[in-house]
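Dear colleague,

I am handing over the structure below, and I would be glad if you could look it through before reading on. My notes on what was found follow directly after it.

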Amino acid sequence: MSKTAETTGPDTGDQSQRFLFEHADTRGEIVHLDNAYREILAIHQYAEGVARLLGEFLAAAALLSSNLKFEGKLVLQARSDGQIPLLMAECDDTLQVRGIARGAEQATSDNFDLLLHNGQLAITIDPVNGQRYQGIVPLQEGSLARSLDNYFQQSEQLSTRIWLAADGQRASGLLLQQLPAQITPDHDERLHHWEHVCALAATVKGPEMLALTGEELLYRLYHEDPLRLFEPRKLQFRCSCSRERTLNALSTLDPAEILELLEELGSITMECEFCNQAYLFERSELAGLLQLDTTKTLH
Ligand SMILES: [Zn+2]
């Protein structure tokens with residue numbers, strides 16, 4: 001291969017690409033978010049530091065969802081005492097992403113520890129059918145990627161490392177994961193290869209990750225290691241909210257509270273915080289929730 005980083009532009013679009021090392025039990029995933037990331041940022045006003053962090057969360061959710069083997073979604077949810085009380089990013093098995101930094105209107109910092117001070121990250125795997133699984137890890141070392149690395153190190157899962165970058169226009173991520181021993185059963189050989197591929201990945205700087213396409217990045221890192229690249233899969237921003245789900249959310253409220261709102265406003269409008277879609281419910285539609293006979297009780 002004589003391809004260099006400069007020969008093609010960085011515009012790979014929104015995609016996730018899987019790859020395998022041919023002679024080792026290691027897989028990888030590279031994600032890039034362009035339009036999807038910008039569309040998500042356009043919904044709210046975020047300061048630069050928040051926008052970058054949200055980009056990293058989106059890239060991480062996309063990387064981790066590449067492991068989903070069923071219909072469902074992976075959710076990253078960070079709660080903190082810092083300038084961002086809640087930061088969420090989700091990606092489902094069809095690679096639809098959404099995300100939000102809630103309560104971050106006043107956040108101005110660029111500093112991870114100020115933005116997510118004392119933060120806890122919940123990683124939830126939420127299948128459509130079946131049991132939810134959640135792991136929790138402290139946000140530390142000034143980086144989402146390092147926090148996720150620590151999570152994988154502490155859990156008894158396959159060795160996994162993650163690298164992330166985002167700049168308000170583009171978000172990128174690289175994941176490496178050891179697979180169960182098959183090709184290289186020898187422990188030392190296996191460890192040596194894992195350390196080798198991780199050491200190379202660690203040489204990549206954020207701007208480089210953002211500027212290179214997936215294939216360029218893989219060439220830059222692993223041109224001496226035979227790789228098998230899979231067809232990239234398209235990522236996109238799409239919100240999973242719906243009228244029905246919004247009504248379900250309303251049903252968790254105290255009926256007295258709903259009634260009060262109806263008396264005051266005549267109808268109830270719920271806005272999806274992820275996409276700003278508004279859902280308006282008339283009194284008659286909410287009668288079921290209130291368990292009241294609308295014709296007699298309401299006027
Ligand atoms: Zn929505």
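**The open sheet and the helix on it**

In this predicted model, strand β5, which covers residues 96-102, pairs with β12 in the parallel sense, and two bridges hold that pairing. One of the residues involved is V97, whose bridge partner in β12 is F237. Helix α2, residues 48-65, packs on the sheet to which these strands belong, where it touches β3 (72-79), β4 (86-92) and β5, and its direction makes about 35° with that of β4. The sheet as a whole is an open one of six strands, with mixed pairing and the order β7-β6-β3-β4-β5-β12. Its edges are formed by β7 (133-138) and β12 (236-237), each of which pairs on one side only.

**Strand β2 and its partners**

Strand β2, residues 26-33, is mostly covered, since eight of its eight residues are buried. Looking at the directions in which they point, you will find T26, G28, I30 and H32 on one side of β2, and R27, E29, V31 and L33 on the other, with all of them buried.

Two further strands pair with β2, and I take them in turn. Strand β1, residues 15-21, runs antiparallel to β2 and is joined to it by six bridges, and in this pairing Q15 stands opposite H32. The connection from β1 to β2 is a hairpin of four residues. Strand β9, residues 171-178, also pairs with β2 in the antiparallel sense, here over eight bridges, and the bridge partner of R27 in β9 is Q177.

**Helix α1**

Which residues of helix α1 are buried? In this helix, which covers residues 35-43, they are A36, Y37, I40 and L41. Seen down the axis of α1, these buried residues fall within an arc of 130°, and they therefore line one face of the helix. What they pack against is a mixed set of elements, namely β2, α2, β5, β9 and β12, so that α1 is in touch both with β2, described above, and with β5 and β12 of the open sheet.

**Two residues looked at one by one**

The residue E56 is found in helix α2, and it counts as buried because it has 26 C-beta neighbours inside 10 Å, where 20 or more are needed. Leaving aside its neighbours within four places in sequence, E56 is in contact with L144, L164, A166 and A171. A further relation across the chain is that of E56 to R146, for the two are 90 residues apart in sequence, while their C-alpha atoms are 12 Å apart in space.

The second residue, R79, has its place in strand β3. Around R79 there are 19 other C-beta atoms within 10 Å, and it is therefore partly exposed, given that 20 or more would make a residue buried. Not counting residues up to four places away in sequence, R79 touches P85, L86, G119 and Q120. Its C-alpha atom is separated by 16 Å from that of A60, which lies 19 residues away along the chain.

**The two domains**

The protein is divided into domain 1, residues 15-237, and domain 2, residues 243-297. The centres of the two domains, taken over C-alpha atoms, are separated by 37 Å. Where they meet, four residues of domain 1 are in contact with four residues of domain 2. On the side of domain 1 that touches domain 2, β5 gives the most, with three residues, and by class this side has two nonpolar, no polar and two charged residues.

**The protein as a whole**

Finally, some overall values may help you to place these details. The secondary structure comes to eleven helices and 14 strands, and the C-alpha trace spans about 75 × 40 × 35 Å along its principal axes. Of the 299 residues of the protein, 35% count as buried. Among contacts between residues at least 6 apart in sequence, 64% join residues at least 24 apart.

With kind regards

Note on methods: Residues are numbered from 1 along each chain as its sequence is written. This is a predicted model: local features need pLDDT of at least 70, side-chain atom pairs count only at pLDDT 80 or more; totals for chains, interfaces and linings use all residues. Two strands pair if DSSP finds at least two bridges between them. Two residues are in contact if their C-beta atoms, placed from the backbone, lie within 7 Å. Axes are lines fitted to C-alpha atoms, for helices over the stretch in contact, and angles run from 0 to 180 degrees between N-to-C directions. A residue is buried if 20 or more other C-beta atoms lie within 10 Å of its own, exposed if 12 or fewer, and partly exposed in between; C-beta atoms are placed from the backbone. The arc is that of the directions from the helix axis to the C-beta atoms. Domain bounds come from an automatic or database domain assignment. Ala, Val, Leu, Ile, Met, Phe, Trp, Tyr, Cys and Pro count as nonpolar, Asp, Glu, Lys and Arg as charged, and the others, Gly among them, as polar.
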